[in-house]
Amino acid sequence: MDTHVARSAEAEEEAALLDTIAKWLDRDVRPHVLRLEHADEWPAEMVEQMKELGLFGATIPVEYGGLGLSATVYAKIVEKIAEVWMSLSGIFNSHLIMAACVSRLGTDAQKAEWLPKFASGEIRGGLALTEPDCGTDLQAIRTRAVRDGDHYIVNGTKTWISNGIHGSCFALLVKTDSEAKPRHKGMSMLLAPKGPGFSVSKKLEKLGYKGIDSAELVFDDYRVPAANLIGGIEGQGLQTALGGLELGRINVAARGCGLASAALMDSVRYSQIRKTMGKPICEHQAIQLKLGEMATRVQAARLLTYDAARIYDAGLRCDMEAGMAKYFASEAAVENSLEALRIHGGYGYSKEYHVERYYRDAPLMCIGEGTNEIQRIIIAKQLVERFPA
Ligand SMILES: Cc1cc2nc3c(=O)[nH]c(=O)nc-3n(C[C@H](O)[C@H](O)[C@H](O)COP(=O)(O)OP(=O)(O)OC[C@H]3O[C@@H](n4cnc5c(N)ncnc54)[C@H](O)[C@@H]3O)c2cc1C
């Protein structure tokens with residue numbers, strides 16, 4: 001098959017997949033969002049539908065039962081889902097970061113054992129990095145794994161873990177050597193299925209991001225087989241986590257694009273219906289200025305996100321581009337959701353509209369997968385590295 005034909009077949013497949021997702025969102029998700037959001041209810045039925053759609057295997061290679069999608073197509077799917085209900089994307093996104101840790105750095109035996117079950121959604125979970133007294137400074141984690149024969153014994157606490165209650169397995173960042181210098185050499189990543197010694201100590205209540213469970217996890221003499229050490233070698237945990245976070249940042253950027261776009265489109269529609277001073281508010285220049293800025297932000301956020309995804313797909317280092325996309329798109333979501341709230345006037349503050357949800361959900365994108373302060377530092381460091389004086 002020549003490259004041109006192969007590319008157009010790929011483009012057709014991509015369009016068909018995005019169309020299937022769009023129809024599912026319209027038929028099975030959109031009508032239920034307000035109810036589930038305000039009840040903070042985990043969307044059990046939608047999770048089953050997401051399994052059928054293959055979303056839990058979206059970026060897992062085809063040979064392991066996944067869809068093997070590129071980061072670019074994945075970003076487009078995440079954006080579409082976040083336009084309707086951002087919480088849903090969290091249910092498969094952090095699961096896929098766990099899967100990416102295995103598919104990028106796991107041994108062949110680990111890939112064969114875990115990836116097919118992750119892809120089908122039979123085993124679902126996420127990434128457990130953050131602890132009560134450290135998130136950004138991951139090298140300060142205190143969860144310890146001590147080797148005992150062909151097992152590790154784990155003790156410690158992780159917090160803010162997405163899918164912590166409904167998930168059954170987590171990529172768990174631990175210290176295997178607390179004395180190591182530099183500190184990251186003593187860090188390892190384990191695949192930790194729930195079992196004796198691994199408990200959920202509490203469900204965390206949040207401003208937004210409702211429906212998806214965020215939890216504190218406690219490990220109390222939890223025994224995990226040494227065969228679950230991702231990559232089979234101690235000391236690679238931070239590298240494994242940071243590798244997974246590149247895809248994570250592209251996904252957060254895509255969520256930002258989805259939220260920013262939803263806030264824009266709700267405002268475009270509302271401003272044509274709502275009239276003041278005898279004309280639709282979209283004809284007032286003050287509103288037009290807002291819409292113009294909002295639309296430009298959405299477009300810029302998308303271009304940055306697709307650019308980062310393209311570089312990731314080419315197998316190149318993309319921490320600067322993913323950082324830029326994540327930073328810009330999440331700030332765009334925050335700004336657009338606030339502007340949408342203003343455009344909707346009093347109704348923007350009402351729980352009957354989606355706009356107040358965008359306003360509550362958007363700030364999370366500035367925190368997760370590395371705060372926006374850290375993204376700007378990463379960008380600056382990369383600039384200095386790439387352009388030495
Ligand atoms: C809803 C939700 C879901 C989450 N899901 C997960 C999950 O699934 N798995 C997981 O492991 N974690 C998860 N997290 C945790 C999240 O990744 C952390 O909250 C985030 O990394 C920030 O860490 P922190 O909260 O400890 O803040 P801190 O690290 O204490 O930072 C506090 C402030 O200081 C700034 N700061 C810190 N260090 C520096 C520095 N060197 N220079 C400049 N500024 C700095 C930060 O930008 C921030 O503004 C989730 C959090 C939330 C709220």
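A residue is buried if 20 or more other C-beta atoms, placed from the backbone, lie within 10 Å of its own, exposed if 12 or fewer, and partly exposed in between. Keep that rule at hand for the exercises below.

The model is predicted: local features need pLDDT of at least 70, side-chain atom pairs count only at pLDDT 80 or more, and totals for chains, interfaces and linings use all residues. Residues are numbered from 1 along each chain as its sequence is written.

**Exercise 1. Find Y209 and D221, and decide for each whether it is buried or exposed.**

Solution. Start with Y209, in the loop between strand 6 (198-203) and strand 7; helices (H or I, at least four residues) and strands (E, at least two) are DSSP runs, numbered from the N terminus. Y209 has 22 other C-beta atoms within 10 Å, so it is buried. Next, D221 sits in strand 7 (residues 214-225). Because D221 has 12 C-beta neighbours inside 10 Å, it counts as exposed.

Now look at the backbone. Most residues other than glycine have a negative phi, and most peptide bonds are trans. Y209, however, has a positive phi near 55°, and D221 has a positive phi of about 50°. While you are here, check the bond from K181 to P182: it is cis, with omega near -5°. P182 belongs to the loop between strand 4 (169-175) and strand 5.

Finally, list the contacts of D221, where a contact means C-beta atoms, placed from the backbone, within 7 Å. Beyond its neighbours within four places in sequence, D221 touches I153, N155 and G197.

**Exercise 2. Work out where the ligand lies with respect to domain 2 and domain 3.**

Solution. First, set out the domains: domain 1 (3-120), domain 2 (125-235) and domain 3 (239-386), with bounds from an automatic or database domain assignment. Second, inspect the shell, whose residues have a C-beta atom, placed from the backbone, within 6 Å of the ligand. It holds 22 residues, the closest being L129, G135, T136, S162 and T371. Strand 1 (125-128), strand 3 (151-162), helix 9 (355-367) and helix 10 (372-386) each give two or more residues to this shell. Third, conclude: domain 2 and domain 3 both contribute to the shell, so the ligand lies between them.

For the chemistry, count Ala, Val, Leu, Ile, Met, Phe, Trp, Tyr, Cys and Pro as nonpolar, Asp, Glu, Lys and Arg as charged, and the others, Gly among them, as polar. The shell then divides into 11 nonpolar, nine polar and two charged residues.

**Exercise 3. Compare the span of helix 5 with the value expected from its 13 residues, then describe its surroundings.**

Solution. The expected span is 1.5 Å times one less than the number of residues. For helix 5 (residues 108-120) that gives 18 Å, and the end C-alpha atoms are 19 Å apart, which agrees. Next, look for a bend, the angle between axes fitted to the seven residues ending at a position and the seven starting there. Helix 5 bends by about 35° at W114, and P116 follows within four residues.

The buried residues of helix 5 are Q110, W114, L115, F118 and A119, and their cover includes helix 4 (71-105) and strand 5 (187-193). Last, step past the helix: G121 follows, with a positive phi near 85°.

Key: Two residues are in contact if their C-beta atoms, placed from the backbone, lie within 7 Å.
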